[in-house]
Amino acid sequence: MPQSENLRIVLASRPEGRPKPENFRLEHVAIPAPSDGEVLLATRYLSLDPYMRGRMSTAKSYAASTEIGEVMTGGTVGEVLESRHPDFKPGDFALSHSGWQSHAVAKGAELRKLDPSTAPLTTALGVLGMPGFTAYAGLLTIGQPKPGETVVVAAASGPVGSAVGQIARIKGARAVGITGGPEKCAYVRENFGFDAVVDHRDPDLVAKLAAACPNGIDVYFENVGGHVWDAVFPLFNMFARIPVCGLVAQYNATGEFPGPDRLPVLMRQVLSKSLTIRGFIQREFAEAQGPVFRQEMAGWITDGAVKYKEDIVEGLQNAPEAFIGLLEGKNFGKLVVKL
């Protein structure tokens, strides 16, 4: 039976440190109606990603904060229920940015139609979507791995990290992953084909990482920060490149960071080793590289050069708990909510 209400999760309050369930609120509102040039979408899949934690804060960033009472932001795959745009008809599927809600109206011109016969719909939110493109653009544009070099990536079992390592191997580099727990380490090595994997929870992380990188590190794809960065930092080779994609270990931090000021040590190494450290947001490269990425990645998936893993949670009401777990590394693979 068709749903008669739009279920949505809004930001109820701004978190202090780790988000809590009370920072979110589930609402029941009327389903919106499309105007000319728009379509009505029923959300089938919602992507949960670490960047959403930044949107819950008022700290200055690359994108506007979510306001109190607004729907939580997020990429979605939706089914067209009603269309007032010539390129879409009921039953079509589209990639949109409709957020944490069961229904949304979107401009047809801003949607990308999806063909479920060519790839599972969920991949548009993962390996063939923003996370996969983040890995592709950040590694190849900034990291520029060369055959024989060592590429290290944090959060290697996640959608970005796993793609980084596999693309590095396609380009002839050696891939070393850092992830949390024996199960994830084994999966990254055996299923994603990394050359070596170390556990960031291991008390001997520094020594284990050094042993896994006997020739140093040429490219480090940063997703985490924190103690993982501390282990990686001494191993950089001359002219190492560091694409900075995320700092998940710091997203829930409040106030000043403890400890001594280590900036002078960092800057001395940047100078003496000619390091390139470049933060980026994937949309910087989307227009120029997006179509090529989708073509290349689809080919790599088809021929088995790139594999992916998804972690699918049932029900919009479970999105807050799943998102809180994501920030603590509890997910295993691309986290998606099925509505």
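Here is a friendly exchange about this predicted model, from the whole chain down to its sheet and cysteines.

Student: How many helices and strands does the secondary structure of the chain come to?
Tutor: Happy to start with the overview. Along its principal axes, the C-alpha trace spans about 60 × 45 × 35 Å. The secondary structure within that trace comes to nine helices and 15 strands.

Student: What is the radius of gyration of the chain, next to what the globule rule gives?
Tutor: For 339 residues the globule rule gives 20 Å, and the chain comes close to that value, so it is as compact as a globular protein of that length. The radius of gyration itself is 21 Å.

Student: What share of the residues of the chain count as buried?
Tutor: Let's begin with the outside: the chain exposes about 15,800 Å², with carbon and sulfur atoms supplying 54% of it. Buried means under 20% relative accessible area. Of the 339 residues, the share that counts as buried is 49%.

Student: Which strands stand at the edges of the open sheet?
Tutor: Six strands make up this sheet, with parallel pairing, in the order S10-S9-S8-S11-S12-S13. An edge strand here has a single partner strand, so one side of it is left without a neighbour in the sheet. From one strand to the next the twist averages 15°. The edge strands are S10 (196–199) and S13 (276–279).

Student: Which residue in S11 stands opposite Val-153?
Tutor: Look at S8, residues 150–154, and S11, residues 217–221: they pair in the parallel sense over three bridges. Opposite Val-153, you will find Phe-221.

Student: At about what angle does helix H2 run to S11?
Tutor: Helix H2 covers residues 130–143. It lies across S8, S11, S12 (236–244) and S13. Its direction relative to S11 is about 145°.

Student: Why is Cys-213 not bonded to Cys-185, and how far apart are their sulfurs?
Tutor: A disulfide needs two cysteine sulfur atoms within 2.5 Å. Cys-185 holds the closest cysteine sulfur to that of Cys-213, yet it is too far for a bond. The structure holds zero disulfides. The separation of these two sulfurs is 13 Å.

Student: Is Cys-213 buried or exposed?
Tutor: The cut-off for buried is under 20% relative accessible area. Cys-213 has 3% relative accessibility, so it counts as buried.

Student: What is the relative accessible area of Cys-245?
Tutor: Cys-245 is in no disulfide either, and the nearest cysteine sulfur, in Cys-213, is 19 Å away. Partly exposed residues fall between 20% and 50%. Cys-245 is partly exposed, its relative accessible area being 25%.

Note on methods: Residues are numbered from 1 along each chain as its sequence is written. This is a predicted model: local features need pLDDT of at least 70, side-chain atom pairs count only at pLDDT 80 or more; totals for chains, interfaces and linings use all residues. Side-chain values use heavy atoms; hydrogens and water are left out. Buried means under 20% relative accessible area, exposed over 50%, partly exposed in between (1.4 Å probe, protein chains only). Two strands pair if DSSP finds at least two bridges between them. Helices (H or I, at least four residues) and strands (E, at least two) are DSSP runs, numbered from the N terminus. Axes are lines fitted to C-alpha atoms, for helices over the stretch in contact, and angles run from 0 to 180 degrees between N-to-C directions. Contact means heavy atoms within 4.5 Å. The radius of gyration is taken over C-alpha atoms; the globule rule is 2.2 Å times the number of residues to the power 0.38. Accessible areas come from the Shrake-Rupley method with a 1.4 Å probe; for residues, only the protein chains shown count as cover.
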